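Trainee: I should like to learn how to read a structure of this kind, feature by feature. Please show it to me, and then let us begin.

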Amino acid sequence: PFLPIQYIILTMKTLAIDYGTKRIGIAISDPLGIIATGYPTLDAKVALEKIQKLVQAERISKIVLGYPLKMNGTKGLAVEAVESFRDKLKELVEVPITFWDERLSTAEATKRLIEADVSRAKRKLVVDKTAATIILQGYLDSKRSS
């Protein structure tokens, strides 16, 4: 009736996605759901298949998908694209997918990278995974404080 603690810990990772039409940022939590770590950015053309494999390989139990509301809280074209991506992803994975408000996550990621003196060329390569990490860390922090 009881699962071994190792099994429980191995199945509690959360994956975050910062969706983009060209690149998709990915971050994965540690098994305890405390720390978000960036994962290599995916090319949008092959992202669904790679995310499906990642969910299996990393034993992901939940996906947090950045939800790009406008600053006034309304939905725009970007939200429709993310909802369409979610629908396609739901056909490939059997884990819950939760939306998370991502307003300003890319701006925050860019700011952090500039403060860390990352070159413009390098920022372009890592801004999406940094944004996914910010999204996931915000989600994880909210779960611990609630």
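Trainee: What percentage of the 146 residues in the chain do buried residues make up?

Mentor: The model before us is predicted. A residue counts as buried when its relative accessible area is under 20%. By that criterion, 38% of the 146 residues in the chain are buried.

Trainee: How many helices and strands does the chain have, and what pattern does the chain follow along the sequence?

Mentor: There are five helices and five strands. Read along the sequence, their order is α-β-β-β-α-β-α-β-α-α.

Trainee: What does the radius of gyration say about the chain?

Mentor: One compares the value with that of a compact globule. For 146 residues such a globule would have a radius of gyration near 15 Å, and the chain has 15 Å, so the two agree. Along the principal axes, the C-alpha atoms fill a box of roughly 50 × 35 × 30 Å.

Trainee: How should contacts be read against separation in sequence?

Mentor: One takes the contacts with a separation of 6 or more and asks what share joins residues 24 or more positions apart; in this chain that share is 62%.

Trainee: What does the chain expose, and how are the charged side chains placed?

Mentor: About 8,800 Å² is exposed, with carbon and sulfur atoms supplying 56% of that area. The chain carries 23 positive and 17 negative side chains, and the centres of these two sets lie 2 Å apart.

Trainee: Which residues of helix 4 are buried, and how are they arranged around the axis?

Mentor: Helix 4 spans residues 105-115, and its buried residues are Ser105, Ala109 and Leu113. Viewed down the axis of helix 4, these buried residues fall within an arc of 70°, and therefore they line one face of the helix. Their cover includes strand 1 (13-18) and helix 5 (120-145). After helix 4 comes Asp117, with a positive phi near 60°.

Trainee: Let us take a single residue as well. Is Ile28 buried or exposed, and where does it lie?

Mentor: Ile28 belongs to strand 2, residues 23-29. Ile28 has a relative accessible area of 9%; the cut-off for buried is under 20%, and Ile28 is therefore buried.

Trainee: Which residues is Ile28 in contact with, leaving aside its neighbours within four places in sequence?

Mentor: With those neighbours set aside, Ile28 is in contact with Lys13, Thr14, Leu15, Ile35, Ala36, Thr37, Tyr39, Leu54, Glu58, Ile60 and Leu136. As for Arg86, 58 residues from Ile28 along the chain, the C-alpha atoms of the pair are separated by 17 Å.

Definitions and conventions: Residues numbered from 1 in each chain as written. Predicted model: local features only at pLDDT ≥ 70, side-chain atom pairs only at ≥ 80, totals over all residues. Heavy atoms only, no water. Helix = DSSP H or I, 4+ residues; strand = E, 2+ residues; numbered from the N terminus. Rg over C-alpha atoms; globule rule 2.2 N^0.38 Å. Buried < 20%, exposed > 50% of the residue type's maximum accessible area, 1.4 Å probe, protein only. Contact = heavy atoms within 4.5 Å. Areas by Shrake-Rupley, 256 points an atom, 1.4 Å probe, with all protein chains shown as cover. Lys, Arg positive; Asp, Glu negative; His and termini not counted. Charge placed at Lys NZ, Arg CZ, Asp CG, Glu CD. Arc of directions from axis to C-beta.
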